[in-house]
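Please open the structure in your viewer and keep the sequence panel beside it. The stops below say what to select next and what is there.

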Amino acid sequence: YRVIRAEKDFYLLEIIPLTGRQHQIRAQLAAIGCPIAGDVKYGYPEPLPDASIALHARKMELIHPVKKVPLVIEAPVPRNEIWHIVQVHSPLTPDF
């Protein structure tokens, strides 16, 4: 992982998982004392107002299963308060 930004008590991290194991990111961040905001299952003290956790797959790259060509999928940043805190003071760059 690498720290992209820090705002208030939150950190925006870029994380590239090494395996496809379920909950890998959540478990590893909790293990180093850095649970994901809203993730009460892995140690964050309270849920977010919309009951989500602040984990977002911004960009995924894979090989198309049938056509066997590279496929890039990008998603906009969620529209809720936790993401707004990071974006207002330092907008996310398009390549994140």
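Select A51 first: with a relative accessible area of 66%, A51 is exposed, where exposed means over 50% relative accessible area, buried under 20%, and partly exposed in between (1.4 Å probe, protein chains only). A51 is in the loop between α1 and β3. Display its backbone, since phi of A51 is near 65°, a positive value in a residue other than glycine.

What you have open is a predicted model, in which local features need pLDDT of at least 70, side-chain atom pairs count only at pLDDT 80 or more, and totals for chains, interfaces and linings use all residues. Residues are numbered from 1 along each chain as its sequence is written, and side-chain values use heavy atoms, with hydrogens and water left out.

**A second positive phi**

Go to K68, in the loop between β3 and β4 (70-74). Phi of K68 is near 60°, again positive in a residue other than glycine. K68 is exposed, at 59% relative accessible area.

**The whole chain**

Now switch to a cartoon view. The chain has 2 helices and 4 strands; these are DSSP runs numbered from the N terminus, helices being H or I with at least four residues and strands E with at least two. Starting at the N terminus, the order of elements is β-β-α-β-β-α. Of the chain's 96 residues, 24% count as buried.

**Salt bridges**

How many salt bridges does a search of the whole structure find? There are 3, a salt bridge being a side-chain nitrogen of Lys or Arg within 4 Å of a carboxyl oxygen of Asp or Glu.

Select R2 and E14, whose side chains meet in a salt bridge at 2.4 Å, N to O. R2 belongs to strand β1 (residues 2-7) and E14 to strand β2, so this pair ties together parts that are 12 residues apart in sequence. R2 is partly exposed, with 47% relative accessibility. E14 is partly exposed as well, at 24%.

Next, select R26 and D39. Their side chains form a salt bridge with an N to O distance of 2.6 Å. Because R26 is in helix α1 (residues 24-31) and D39 in the loop between α1 and β3 (59-63), the pair ties together parts that are 13 residues apart in sequence. Are R26 and D39 buried or exposed? Both are buried.

For the remaining stop on this topic, select K59 and E61, which form a salt bridge with the closest N and O atoms 3.5 Å apart. K59 is partly exposed, at 37% relative accessible area. E61 counts as exposed, at 58% relative accessibility.

**From E61 to E74, and from P35 to I25**

Keep E61 selected; E61 is in strand β3. Add E74 and draw a line between the two C-alpha atoms: they are separated by 8.8 Å, while the residues are 13 apart along the chain.

Then select P35, in the loop between α1 and β3. P35 is partly exposed, with a relative accessible area of 24%. Its C-alpha atom is separated from that of I25 by 9.4 Å, the two residues being 10 apart along the chain.

**The second largest pocket**

Leave I25 selected and add Y1, I15, I16, P17, L18, Q24, Q28, L29 and I32; together with I25, these residues line the second largest pocket. On a 1 Å grid over the protein atoms alone, a pocket is an open set of points where a 1.4 Å probe fits, with protein on both sides within 12 Å along at least five of seven lines; lining residues have an atom within 4 Å of a point.

The space in this pocket is about 200 Å³, the volume being that filled by probe spheres set on the points, which are joined across faces, edges and corners. Color the lining by residue class: 8 are nonpolar, 2 polar and none charged. Here Ala, Val, Leu, Ile, Met, Phe, Trp, Tyr, Cys and Pro count as nonpolar, Asp, Glu, Lys and Arg as charged, and the others, Gly among them, as polar.

**A nonpolar surface patch**

Finish by selecting Y1, V3, Y11 and I32 with the surface on. These four form a nonpolar patch with about 490 Å² of accessible area together. Patches are made of residues with over 30% relative accessible area and no salt bridge, with nonpolar side chains (Val, Leu, Ile, Met, Phe, Trp, Tyr) joined within 5 Å and like charges within 9 Å. Accessible areas come from the Shrake-Rupley method with a 1.4 Å probe, and for residues only the protein chains shown count as cover. Within the patch, Y11 lies in strand β2 (residues 10-14) and is exposed, with a relative accessible area of 54%.
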